[in-house]
Structures are given as C-alpha cells and as structure tokens.
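Colleague: I have a model open and would like to understand how its parts get their labels. Could you walk me through it?

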Amino acid sequence: MKQKAVILDEKALSRALTRIAHEILEKNHGIGDCVLVGIRTRGIYLANRIAAKIGQIEGEPIPVGEVDVTLYRDDLSYKSADGNPVINGTNMPEVTGKKVVLIDDVLYTGRTVRSALDAIIDSGRPAQIQLAVLIDRGHREVPIRADYVGKNIPTSQLEKISVKMSEVDGEDRVVIFE
C-alpha cells in the first residue's frame with residue numbers, strides 16, 4: 001500500500017484528544033460516575049491520554065480500564081500460529097451503575113465496538129455506554145455511531161487508516177494508505 005496522506009500529526013492528534021476530553025466532561029457534567037475503557041490495543045493508550053487530560057482539567061483522576069474483545073468477535077481474526085485465539089486479558093474498573101466511555105482508535109464497520117459492548121455488559125450493568133473514537137471512517141455494518149470523534153475521514157473500502165502511537169510505534173500520527 002502507498003501512503004496517501006498524513007491525516008493527523010502529533011500536535012493535531014493531541015488537540016483532538018484534548019477536545020474529546022472536554023466534550024466528555026461537558027456531556028457528563030464532570031467525571032463523578034464515569035470510567036474510561038480502552039479497546040485493546042491503541043484504544044488503551046488513547047484512554048490513558050484522555051484520562052491524563054481530564055485529570056489535568058478536573059484535578060482528580062478518572063478510572064481507566066481496558067477490554068480485549070478477542071473472544072467476543074464474530075470472526076476470531078486474532079489467532080496464534082497454532083490456530084487458537086490470542087487473548088490478552090481484560091482489566092476493567094467496576095462498571096455497574098457507571099457511565100462508561102468506550103474508546104477506540106478507528107471506527108469502521110462497528111463490529112469491534114459491538115464486541116466490546118458485549119464484553120462490558122458481561123462485566124456489569126453500566127448506567128450508560130458512550131463511544132469515543134479518534135477516527136471515524138464510515139462504512140458501518142452494524143448500527144453504531146460515536147458520541148465523540150476526533151476526526152471524520154470518509155474513505156473508500158480500499159483505503160486503510162493507520163494510527164501510530166508513541167507507546168507502541170515510536171511516533172504519533174494518523175496516516176491514510178491507498
């Protein structure tokens with residue numbers, strides 16, 4: 001695949017996360033009953049960054065967890081060499097009665113988010129689940145939409161969005177390939 005364009009550089013990515021943090025605070029009137037849950041892998045790093053921004057703004061921490069949707073997927077696409085699914089574990093704070101903000105890097109078909117919703121509901125009964133994504137590229141296969149979006153990028157199904165994060169990739173940027 002050939003790189004088509006850089007959609008977000010390091011500064012633009014940080015600004016998008018700052019905006020999402022403010023929108024979460026505004027919609028929920030603070031963080032009193034909120035928890036953030038990142039979808040493995042890059043959603044976890046985004047959740048941690050948003051939590052840090054919220055902590056700076058509010059002066060108190062917000063609980064952060066992570067969810068591995070491997071066993072909830074309808075395709076079990078993440079398999080090891082022996083053909084078994086690779087499971088990385090879920091570490092969620094208490095979600096019962098809380099407003100859960102589910103966080104992922106790219107919203108595409110919606111199937112990963114649907115799997116994460118199942119995993120969260122299996123962990124408890126949240127008062128509400130909201131969705132925050134860095135990139136919304138369209139092409140939904142299930143009726144899911146994000147409450148908070150860093151950037152909407154209409155794409156063709158032949159294009160690919162790659163989110164790079166310093167925690168795993170050594171750099172922060174979002175690139176589109178064709």
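Modeller: Happily, and keep in mind that this is a predicted model. Let's start with helix 2, which covers residues 42-58.

Colleague: What makes the reach of helix 2 close to what is expected?

Modeller: Helix 2 has 17 residues, and the expected span is 1.5 Å times one less than the number of residues. That gives 24 Å as the expected value, and the reach from the first C-alpha to the last is 24 Å, so the two agree closely. Just after helix 2 comes Gly59, with a positive phi of about 75°.

Colleague: Why is Ile50 of helix 2 called buried?

Modeller: Buried means under 20% relative accessible area. Ile50 is listed among the buried residues of helix 2, as are Leu46 and Ile54, so each of them falls under that cut-off. Elements that cover the buried residues of helix 2 include helix 1 (10-28), strand 4 (99-107) and strand 5 (128-136).

Colleague: How do you know that strand 7 and strand 8 pair?

Modeller: Pairing needs at least two bridges. Five bridges join strand 7 to strand 8, so they count as a pair, and they run antiparallel. One example is Ser162, whose bridge partner in strand 8 is Val175.

Colleague: And what makes strand 1 and strand 7 edge strands?

Modeller: The open sheet has the order 1-8-7, and strand 1 (3-8) and strand 7 (160-164) each pair on one side only. Neighbouring strands of this sheet are turned by 25° against each other on average, direction ignored. Helix 1 packs on the sheet, touching strand 1, strand 7 and strand 8.

Terms used. Residues are numbered from 1 along each chain as its sequence is written. This is a predicted model: local features need pLDDT of at least 70, side-chain atom pairs count only at pLDDT 80 or more; totals for chains, interfaces and linings use all residues. Side-chain values use heavy atoms; hydrogens and water are left out. Helices (H or I, at least four residues) and strands (E, at least two) are DSSP runs, numbered from the N terminus. Buried means under 20% relative accessible area, exposed over 50%, partly exposed in between (1.4 Å probe, protein chains only). Contact means heavy atoms within 4.5 Å. Axes are lines fitted to C-alpha atoms, for helices over the stretch in contact, and angles run from 0 to 180 degrees between N-to-C directions.
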